[in-house]
Amino acid sequence: MADNDTPRTVYELVQLMSSLNETRRAILLALGHMYPRSVSGVQLSRLIGYSGKSRSLYRGVLTHMQEDDMILIDELTPRLHAIRINSEHPLLSVLVELCRKYGKDTSKIYAKALEE
Amino acid sequence: MDCLLKDAQGLYISRQRITIATLMIIFTVVLHSFYSSGIYGFGATFPEGVPASWKEIFDVVVSLNTVAFFLAFSLIVFAYGLWSWAFFPSPAVSYTVAALRGLFGQNVRIKHSIGKRFRVFLESGRHIDVRCRIKKASSEDWLGYRFTSCPLTGNNLHSVALRHGMSSKDGRFTTWIEHDELHHRALLMAKAIASITPGS
């Protein structure tokens, strides 16, 4: 990406993030910090503090985000899915870059939440 | 949740109960009236040695009454499908229209058609189709929207769509949104459409 394009992309990223609702925003932030690791549905609902069942996450939010190419879902077994952020998305790639550069401590907190 | 939407949700749940209860009463009446007026069998013949009680059961199950009953039952199911396709509580209509008018101005033309569909006419002569979908009625995120733009031409549609958090399908921008994202993502949709100049 050319340097003079970066502020524009960051602007669009901020606009995108603020247009999403709480759940989707939390998902992108958590997955951005976890990248390149992928997480399962249960782990993801723990990372974002989701109170409902992870199945209801799949039914709506996650499949719609996958349709919009924001996240990638690999079906390992019918019951186990590996969810990760789409690092080739033109805006989310910047998010991933930012998380990797400045989000080391946050990533540690997220990773710790998964250990337990 | 917005109080208009709370009203709408309550209204939807109560109307759904009334509808289901009515259809169940109709179901019972149909069941009773179709089997109490005599059985019209097809006059099947049985091989020797089949017990008479079996024959009676077979005659009742395989009869014109059952055919008619299933026809009536599928009509009931169809009636419920039609109801849930068409019924959209009016507070939810007010919410949707208010959010869209708040964004595009009070004078924007919004066409509301049956089946929970809206069409917003933008100033540029383009339009956005908004289809509402009611998921599990009792949950927090019970109402969602499907946005579809008018057909657009351009070779960078996919990249523009991604940069606005949407996907492109058959030359249209499409996305699913939740009710609490309506305002902001409609803004993004309008911005994405505006960035595609006609004839490029």
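Visitor: How many residues do chain B and chain A each give to the contact?

Guide: This is a predicted model, in which local features need pLDDT of at least 70, side-chain atom pairs count only at pLDDT 80 or more, and totals for chains, interfaces and linings use all residues. Residues are numbered from 1 along each chain as its sequence is written, with chains lettered from A and ligands numbered from 1 in the order in which they are written. Two residues are in contact if their C-beta atoms, placed from the backbone, lie within 7 Å. On that basis the contact takes 17 residues from chain B and 16 residues from chain A.

Visitor: Which elements give two or more residues to the side of chain B that touches chain A?

Guide: Helices (H or I, at least four residues) and strands (E, at least two) are DSSP runs, numbered from the N terminus. The elements of chain B that meet this description are α5 (157-163), β6 (172-178) and α6 (182-195).

Visitor: What is the division by class of the side of chain B that touches chain A?

Guide: Ala, Val, Leu, Ile, Met, Phe, Trp, Tyr, Cys and Pro count as nonpolar, Asp, Glu, Lys and Arg as charged, and the others, Gly among them, as polar. The side of chain B that touches chain A then has four nonpolar, six polar and seven charged residues.

Visitor: Which element gives the largest share of the side of domain 1 of chain B that touches domain 2 of chain B?

Guide: By an automatic or database domain assignment, chain B is divided into domain 1 (3-86) and domain 2 (90-195). In the contact between them, 11 residues of domain 1 of chain B meet 12 residues of domain 2 of chain B. Both α1 (3-35) and α3 (64-86) of chain B give two or more residues to the domain 1 side. The largest share of that side, nine residues, comes from α1(B).

Visitor: In β4(B), what is the bridge partner of Asp129(B)?

Guide: Strands pair if DSSP finds at least two bridges between them; β2 (117-121) and β3 (127-134) of chain B pair in the antiparallel sense over five bridges, and Asp129(B) in β3(B) is the bridge partner of Arg119(B). Seven bridges also join β3(B) to the antiparallel strand β4 (143-149) of chain B. There, the bridge partner of Asp129(B) is Thr148(B).

Visitor: Is Leu98(A) buried, exposed or partly exposed?

Guide: Leu98(A) lies in helix α5 (92-102) of chain A. A residue is buried if 20 or more other C-beta atoms, placed from the backbone, lie within 10 Å of its own, exposed if 12 or fewer, and partly exposed in between. Because Leu98(A) has 14 other C-beta atoms within 10 Å, Leu98(A) is partly exposed.
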